[in-house]
Amino acid sequence: YYTASAPLGSTVNINNNTVTNLQKLTATGTGSIYGIYQASTPQGTLNINNNTVTGFSSAAATLIAGIYQGGTPANFININNNKVGNFTNAGVSTMYGIYSSATTTTQLNLSQDSVFNLTSAGSTIYGMYFTSGMLWNIYKNSVSGITSNTGTTAIVYGMYSAIAVAGTVNIYDNFISDINAPASTSTTPAVSGLFIASGAATTTYNVFYNSIY
């Protein structure tokens, strides 16, 4: 599912869809697999709710993303109650369960999503990745079973926050477990349940009542 653009001020609803069993069978060449890809969102409201995105696989170095929200985001983004998982990549390429990129005026609510069973031969895997925004509420999500297997440079994140603008980020009541990079020698570090990258000095992080195992 790919949306390239939408009228300004409009509301975009991507709800109650099932995207499953997308595969790249050849071991040569590169490419990308996206379940839901919102490339350019309106200056209104974007809803991505109650979708099931599962069963992606690749025999090559292929970027895989379950839900990828990028482009010029809306003022309000809701990504809620989605199930994303059972991805495998035999090659070494980045994998995202849920990716969300916003601007300085965006409020994001990302809640009650489940990301599970993402497996790679040795690439970087992000269960959930979010960047920029004015107000972020990340709560009651589950991330589990993330494994990057054989690569010595493998890096695995349950949640990765790359907020580099002034704003408030609330991360609470999330459950993150079973995050693995068994062959990695990376000092980034190789495994992080929740990773908060360096950002704007005026960003406020409220991180509480999360379980990381």
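Which residues does Gln38 touch, not counting residues up to four places away in sequence? Gln38 touches Thr3, Val12, Ile14, Leu46, Tyr68, Gln69 and Gly70, where a contact means heavy atoms within 4.5 Å.

Before going on, a word on what you're looking at. This is a predicted model, where local features need pLDDT of at least 70 and side-chain atom pairs count only at pLDDT 80 or more, while totals for chains, interfaces and linings use all residues. Residues are numbered from 1 along each chain as its sequence is written, and side-chain values use heavy atoms, with hydrogens and water left out.

**Back to Gln38**

Gln38 sits in strand 5 (residues 31-38). Strands (E, at least two residues) are DSSP runs, numbered from the N terminus. With a relative accessible area of 0%, Gln38 is buried; buried means under 20% relative accessible area, exposed over 50%, and partly exposed in between (1.4 Å probe, protein chains only).

**The sheet**

Strands of a sheet pair through backbone hydrogen bonds, either parallel or antiparallel. Here, 7 strands make an open sheet with parallel pairing, and their order is 2-6-10-13-16-19-22. Strand 2 (11-15) and strand 22 (203-208) are the edge strands, each pairing on one side only. From one strand to the next, the twist averages 5 degrees; the axes behind that are lines fitted to C-alpha atoms, and angles run from 0 to 180 degrees between N-to-C directions.

Let's look at one pair. Strand 16 (residues 135-139) runs parallel to strand 19 (residues 167-172), and 5 bridges join them. Two strands count as paired if DSSP finds at least two bridges between them. Take Ile138: its bridge partner in strand 19 is Ile171.

**Backbone oddities**

Most residues other than glycine have a negative phi, and most peptide bonds are trans. So which residues have a positive phi here? Two of them are in this table.

| Residue | Phi | Place | Relative accessibility |
|---|---|---|---|
| Gln112 | near 55 degrees | loop between strand 13 (107-111) and strand 14 (114-120) | 42%, partly exposed |
| Asp178 | about 60 degrees | strand 20 | 41%, partly exposed |

Gln112 counts as partly exposed because its relative accessibility is 42%. Asp178, at 41%, is partly exposed too.

And where is the cis peptide bond? It joins Thr188 and Pro189, with omega at about 15 degrees. Pro189 lies in the loop between strand 20 (175-180) and strand 21 (191-196).

Definitions and conventions:
Helices (H or I, at least four residues) and strands (E, at least two) are DSSP runs, numbered from the N terminus.
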